[in-house]
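Here is a short note for a colleague who is meeting this structure for the first time. Please read it with the sequence and the view open.

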Amino acid sequence: MRSASAVFLSALLVLPLGCDAGPDSVDPEPQAPDWHAVELPGPRGLPGQLAVRDAVRCGGAWTAVGGVQLADPLETRDTRPAAWRSQDGVTWTALDVTATTYWSRRAVPSTVACADGRVVAVGARFGGAHGNPRITTFFEKNGGLDDQRAAFNLTGNRISGPAVWHSTDGRDFTIEEDVPGLADEEGFSSLAQAGCGTARAGWWSAGGMRGRR
């Protein structure tokens with residue numbers, strides 16, 4: 001079975017990354033992307049349909065992350081993690097992803113970030129007794145991605161409202177929760193939908209608040 005997926009080249013090469021912009025940055029001129037689909041190679045292992053979830057420019061190369069939806073699902077497994085790298089956004093190479101735990105072998109990385117020329121990806125797989133997302137963090141090692149064994153599972157939402165996890169090495173994370181700007185307020189529930197960190201401006205989280213009935 002052919003195992004390939006397409007990414008759109010201009011999406012990687014043209015669109016600006018909002019989290020890199022400082023307070024004094026100037027809005028870029030509008031651009032008209034010339035889109036070109038690029039097929040990704042299937043990574044080693046069980047074949048299936050590729051699903052790309054995120055990409056980042058890091059250390060002079062592009063890294064994309066996602067997963068493989070198995071063509072012949074097993075009784076307890078139907079997905080596995082995957083990652084790719086490209087110097088020019090045109091020619092891609094599948095990276096080896098080391099997954100050593102039950103949930104990391106099934107996780108699909110959905111976001112990837114860069115710091116000091118290395119990438120860290122975060123993914124999840126829903127399951128277990130309550131069907132909650134079982135989070136796995138992958139960090140760059142020896143030209144591929146390795147899973148980071150966590151001391152506990154991150155599942156569901158924080159009862160105090162949104163939370164932010166940040167790390168300097170992609171292995172040990174610190175949680176910020178129940179703090180001004182993140183915590184729920186009287187009569188309102190906070191909702192975070194996206195976030196990122198920058199060296200100059202600290203951490204950014206985007207979302208909103210909704211009134212409780």
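The points below go from the whole chain to single residues.

1. **Status and overall content.** This is a predicted model. The protein chain has 213 residues. Its secondary structure comes to one helix and 15 strands.

2. **Burial and surface.** Of the residues in the protein chain, 34% count as buried. The exposed area of the chain is about 13,400 Å². Carbon and sulfur atoms supply 51% of that area.

3. **Contacts along the chain.** Take the contacts between residues at least 6 apart in sequence. Of these, 46% join residues at least 24 apart.

4. **A five-stranded sheet.** Which strands form the open sheet, and in what order? Five strands take part, in the order E7-E11-E10-E9-E8. The pairing is mixed. Strand E7 (97-98) and strand E8 (108-115) are the edge strands. Each of them pairs on one side only.

5. **The E7 edge.** Strand E7 pairs with strand E11, which spans residues 144-148. The sense is parallel, and the pairing runs over two bridges. To find the place in the view, look for threonine 98, which stands opposite aspartate 146 of E11.

6. **The E3-E4 hairpin.** Strand E3 covers residues 48-58, and strand E4 covers residues 61-70. The two pair in the antiparallel sense over ten bridges. One bridge joins glutamine 49 to glutamine 69 in E4. Two residues lie between the strands of this hairpin. Glycine 59 sits in the turn and has a positive phi of about 60 degrees.

7. **The disulfide.** How many disulfides does the structure hold? It holds one. The partners are cysteine 58 and cysteine 114, with their sulfur atoms 2.2 Å apart. The link ties distant parts of the chain: cysteine 58 belongs to strand E3 and cysteine 114 to strand E8, 56 residues apart. The angle about the S-S bond is 70 degrees, and the link is right-handed.

8. **Two ends of the link, compared.** Are the two cysteines buried or exposed? Cysteine 58 counts as buried because its relative accessibility is 7%, under the 20% cut-off. Cysteine 114 has 35% relative accessibility, so it counts as partly exposed. That value falls between the 20% and 50% limits.

9. **Putting the pieces together.** The disulfide connects the hairpin strand E3 to strand E8. Strand E8 is an edge strand of the open sheet. At the other edge is strand E7, paired with E11.

Technical notes:
Residues numbered from 1 in each chain as written. Predicted model: local features only at pLDDT ≥ 70, side-chain atom pairs only at ≥ 80, totals over all residues. Heavy atoms only, no water. Helix = DSSP H or I, 4+ residues; strand = E, 2+ residues; numbered from the N terminus. Buried < 20%, exposed > 50% of the residue type's maximum accessible area, 1.4 Å probe, protein only. Contact = heavy atoms within 4.5 Å. Areas by Shrake-Rupley, 256 points an atom, 1.4 Å probe, with all protein chains shown as cover. Pairing = 2+ DSSP bridges. Disulfide = S-S within 2.5 Å.
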